[in-house]
Amino acid sequence: MIEIKGLSKSFNGRVVLDDISANFQQGKTNMVIGGSGTGKSVLLKCMIGILVPERGKVLYDGRDFLKAHQDVVKEIRREMGVLFQGGALFDSKSVLENVRFPLDTLTSQTLEEKNAQAMLCLQRVGLESAALLMPSEISGGMKKRVGIARAIVMNPKYLFCDEPNSGLDPLTAVKIDYLIQEITQEYNMTTVVISHDMNSVMRMGESIIFLKDGKKIWEGNSDTFHHSGVPELEEFLSTKLV
Ligand SMILES: Nc1ncnc2c1ncn2[C@@H]1O[C@H](COP(=O)(O)OP(=O)(O)OP(=O)(O)O)[C@@H](O)[C@H]1O
């Protein structure tokens, strides 16, 4: 489980995250939703250590990420897998080399071991036959799947996905959503997904927090979010026509 407590972040005096607390459960797809510019990506960056919040805590199974000893921080970082928006693949590396990259930089395994592990992950996302292709030779949906394979190659406990569906056609988006959900359950990971795609929220939203102007306005799940009675959420949903 990941717990965030009283997380706050400002840029040049402008508050972007305002005292946010939430729990993200193990084995679940935990979603962070909200309109553009409401602080979703900043929240994720504070959780994974790309940005430092002014106040608050991020606890990884009880370990205080912002205050822990360097060794513990390193350990937690190794337990994270991140699927960045757009996949963020290296254009000059093959699909296999992209998936292998975390193993190349963070482990002392042999090339054979690393290739075997990377191939297992490529198989898991149904792309073993694309291992030797370059990113320029594969579709957007395949790139996302390569990104997922890379995110799980270190067997993470925590998976973070920033808009995993952006730029995909609806059918491919559904497949990516289900893949993330299945992998979350299989690996029993704590998964955090940022999205403003309401179809995804309905499919994957076992646990949802809704942000507006840097504040957590509501939390619940896909069964309850259409009947929240919270004006800000209802207004947000009305703009999404769902
Ligand atoms: N490094 C930064 N410096 C200054 N302001 C920033 C920085 N990063 C984000 N912001 C601001 O923080 C606010 C929240 O941004 P954030 O990227 O978290 O939004 P978001 O909810 O993820 O939006 P979107 O769905 O459009 O990606 C925005 O107003 C953004 O301009």
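Here are some exercises with worked solutions on a predicted model.

**Exercise 1. Find the residues that surround the ligand, and sort them by character.**

Let's start at the ligand. Its surroundings are made up of Phe11, Val16, Gly34, Ser36, Gly37, Thr38, Gly39, Lys40, Ser41, Val42 and His196. Next, sort this shell: three residues are nonpolar, seven are polar and one is charged. Finally, ask which element contributes the most to the shell: helix H1, residues 40–48, does so with three residues.

**Exercise 2. Check whether the length of helix H4 agrees with its number of residues, then work out how its buried residues are arranged.**

Step one is the length. Helix H4 covers residues 111–124, and its 14 residues should span 20 Å at 1.5 Å a residue; the end C-alpha atoms are 20 Å apart, which agrees.

Step two is to list the buried residues of H4, which are Lys114, Ala118, Cys121 and Leu122. Viewed down the axis of H4, these buried residues fall within an arc of 100°, so they line one face of the helix. A general rule helps here: an α-helix has 3.6 residues a turn, so residues three or four places apart point the same way.

Step three is to turn to the other side of H4, where Glu112, Glu113 and Ala116 are exposed. What covers the buried residues of H4 includes helix H3 (95–106) and helix H5 (140–152). To finish, look just past the helix: H4 is followed by glycine 126, which has a positive phi near 75°.

**Exercise 3. Repeat the length check for helix H5, and find how many of its residues are buried.**

First, the length: the 13 residues of H5 should span 18 Å at 1.5 Å a residue, and its end C-alpha atoms are 19 Å apart, which agrees.

Second, the burial: H5 is mostly covered, with 10 of its 13 residues buried. The buried ones are Lys143, Lys144, Arg145, Val146, Gly147, Ile148, Ala149, Arg150, Ala151 and Ile152.

Third, the cover: the elements over the buried residues of H5 include strand E6 (80–83), H3, H4, strand E7 (158–162) and helix H6 (170–187).

**Exercise 4. Put the strands of the open sheet in order, and identify its edges.**

Begin with the order. Four strands form this open sheet, arranged E2-E1-E4-E5 with antiparallel pairing. The edges are strand E2 (14–24) and strand E5 (63–64); each has a single partner strand, so one side of each is left without a neighbour in the sheet.

Now zoom in on one pair. Strand E1 (residues 2–11) and strand E4 (residues 55–60) pair in the antiparallel sense over five bridges. Within this pairing, isoleucine 2 stands opposite tyrosine 60 in E4.

**Exercise 5. Decide whether strand E3 is enclosed or open, and name its partners.**

Count the buried residues first. In strand E3 (residues 29–33), five of the five residues are buried, so the strand is largely enclosed by the rest of the structure.

Then compare the faces. As a general rule, in a regular strand the side chains alternate between the two faces of the sheet. In E3 both faces are covered: Thr29, Met31 and Ile33 are buried on one side, and Asn30 and Val32 on the other.

Last come the partners. E3 runs parallel to strand E8 (residues 190–195), joined to it by five bridges, and serine 195 in E8 is the bridge partner of isoleucine 33. E3 also pairs in the parallel sense with strand E9 (residues 207–212), over four bridges. There, valine 32 stands opposite isoleucine 209 in E9.

**Exercise 6. Describe the setting of asparagine 12 and of glutamate 163, two residues other than glycine with positive phi.**

Take asparagine 12, whose phi is about 50°. Its place is in the loop between E1 and E2. Asparagine 12 has 4 C-beta neighbours inside 10 Å and counts as exposed, the cut-off for which is 12 or fewer.

Now take glutamate 163, whose phi is near 50°. Glutamate 163 sits in the loop between E7 and H6 and is partly exposed, with 19 other C-beta atoms within 10 Å. Leaving aside neighbours within four places in sequence, glutamate 163 is in contact with Gln85, Ile194 and Ser195. Serine 195 is 32 residues away along the chain, yet the C-alpha atoms of glutamate 163 and serine 195 are separated by 4.9 Å.

Notes
Residues numbered from 1 in each chain as written. Predicted model: local features only at pLDDT ≥ 70, side-chain atom pairs only at ≥ 80, totals over all residues. Near = placed C-beta within 6 Å. Helix = DSSP H or I, 4+ residues; strand = E, 2+ residues; numbered from the N terminus. Nonpolar A, V, L, I, M, F, W, Y, C, P; charged D, E, K, R; others polar. Expected span 1.5 Å × (residues − 1). Buried ≥ 20, exposed ≤ 12 C-beta atoms within 10 Å, placed from the backbone. Arc of directions from axis to C-beta. Contact = placed C-beta atoms within 7 Å. Pairing = 2+ DSSP bridges.
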